[in-house]
Amino acid sequence: MRIGIITFPGSLDDVDAARAVRLAGGEPVALWHAEHDLQDVDAVVLPGGFSYGDYLRAGAIAARAPLMQDVVERARQGLPVLGICNGFQVLCEAGLLPGALTRNSHLHFRNRDQVLGVERADTAWTSSYATGQRIVIPVKNGEGRFVASDGDLDRIEGEGRVVVRYLDGNPNGSSRDIAGVTSENGRVVGLMPHPEHAVEDLTGPSTDGLGFFTSVLKAVVNA
Amino acid sequence: MRDGRWRGPGSLGGVSHVVVDVVLKPEISDPQGQAVLGALGRLGHAGVTSVRQGKHFVLEVDGTPDEAELKQIAETLLANPVIEDVELHLPTD
């Protein structure tokens with residue numbers, strides 16, 4: 001099972017994402033943003049970091065990278081895509097996910113272990129979890145506040161597009177405590193917290209993040 | 001022009017200057033603007049009741065600007081229409 005991880009100029013967590021894929025039992029494939037080549041991968045991870053230095057808006061310039069045109073086209077046909085932190089910002093900027101991420105309401109970078117509630121356990125990236133499960137994975141962002149108009153938020157909630165929600169405190173002022181959302185078909189998922197940093201007892205607060213990467217392996221087999 | 005004196009949209013020497021202003025939509029809270037407002041209050045400027053922070057782009061364009069193309073640039077890259085309003089100012093002369 002080949003899981004592509006795209007590196008943009010300024011990506012930071014691509015190596016951790018590759019490690020998480022390997023620990024889950026998949027084969028990580030390094031992809032470069034400037035090449036129109038998805039190398040026949042079965043799914044794609046957009047990692048965290050500060051692509052293009054967060055210039056213009058976080059994720060805005062990376063969302064227009066050559067390889068992202070291929071990702072958008074294939075995602076609309078069902079290719080599973082996971083955006084973590086900066087990757088989530090890229091997916092919103094690319095129009096694959098609703099809403100936008102902007103400056104934290106308190107203006108501070110926030111870095112801590114975060115409790116999340118899983119609300120959708122039927123997406124390509126969350127089937128290893130149970131609906132209502134509490135998981136603990138790190139969150140670290142300065143522009144992680146999920147925002148949209150009230151009408152859009154009502155639509156996102158009404159369509160059941162919220163995948164994970166912040167519990168026991170909202171780290172960045174995100175509207176309605178939303179930490180992650182999915183596409184209409186449940187194949188594209190974006191979230192601000194970092195499941196790839198919670199895959200081993202030695203380095204993470206838990207191994208709760210591994211489920212994102214084991215889920216997609218099942219989704220690819222069943223596709 | 002290059003010394004920074006130029007302030008608005010216009011044309012000179014076959015090059016047009018187009019200005020694009022981007023600001024968060026009114027319903028999206030602006031913590032940076034609120035931080036500026038807080039600083040103004042501490043400096044004694046109690047009369048300022050709201051600050052909204054935005055972005056100001058100046059584009060140099062060869063020849064006569066194509067309004068449709070610039071509108072597309074403004075709405076698809078310079079601003080994120082999910083959360084931002086955008087104003088395009090074309091040269092009037």
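**View 1. Chain B and its long-range contacts.** In chain B of this predicted model, 67% of the contacts between residues at least 6 apart in sequence join residues at least 24 apart, a contact being defined by heavy atoms within 4.5 Å. Chain B has two helices and four strands, arranged from the N terminus on as β-β-α-β-α-β; helices (H or I, at least four residues) and strands (E, at least two) are DSSP runs, numbered from the N terminus. Of the 93 residues of chain B, 27% count as buried, where buried means under 20% relative accessible area, exposed over 50%, and partly exposed in between (1.4 Å probe, protein chains only).

**View 2. The interface of chain B and chain A.** The contact draws 16 residues from chain B and 16 residues from chain A. Together the two chains bury about 1,300 Å², with 60% of it on carbon and sulfur atoms; buried area is the accessible area (1.4 Å probe) that two parts lose on being put together, summed over both. On the side of chain B, the most area is lost to chain A by Pro31(B), Leu77(B) and Val82(B), which together account for 34% of what that side buries.

**View 3. Polar and charged pairs across the interface.** Between chain B and chain A there is one salt bridge, in which Arg57(A) pairs with Glu84(B) and the closest N and O atoms are 3.7 Å apart; the term requires a side-chain nitrogen of Lys or Arg within 4 Å of a carboxyl oxygen of Asp or Glu. Six residue pairs, both residues at pLDDT 80 or more, are in polar contact across this interface. A polar contact is a pair of N or O atoms within 3.5 Å; within protein, one must be able to donate a hydrogen and the other to accept it, and residues adjacent in sequence count only if both atoms are side-chain atoms. Helix 1 (31–42), strand 3 (54–62) and helix 2 (67–78) of chain B each supply at least two residues of the side that touches chain A.

**View 4. The surroundings of Gln89(A).** Gln89(A) lies in helix 3 (residues 86–93) of chain A and counts as buried because its relative accessibility is 6%. Its side chain makes a polar contact of 2.8 Å with the side chain of Asn86(A). Beyond its neighbours within four places in sequence, Gln89(A) is in contact with residues including Asp54(A), Leu101(A) and Met192(A).

**Conventions.** Residues are numbered from 1 along each chain as its sequence is written, and chains are lettered from A in the order in which they are written. Local features need pLDDT of at least 70, side-chain atom pairs count only at pLDDT 80 or more, and totals for chains, interfaces and linings use all residues, while side-chain values use heavy atoms, with hydrogens and water left out.
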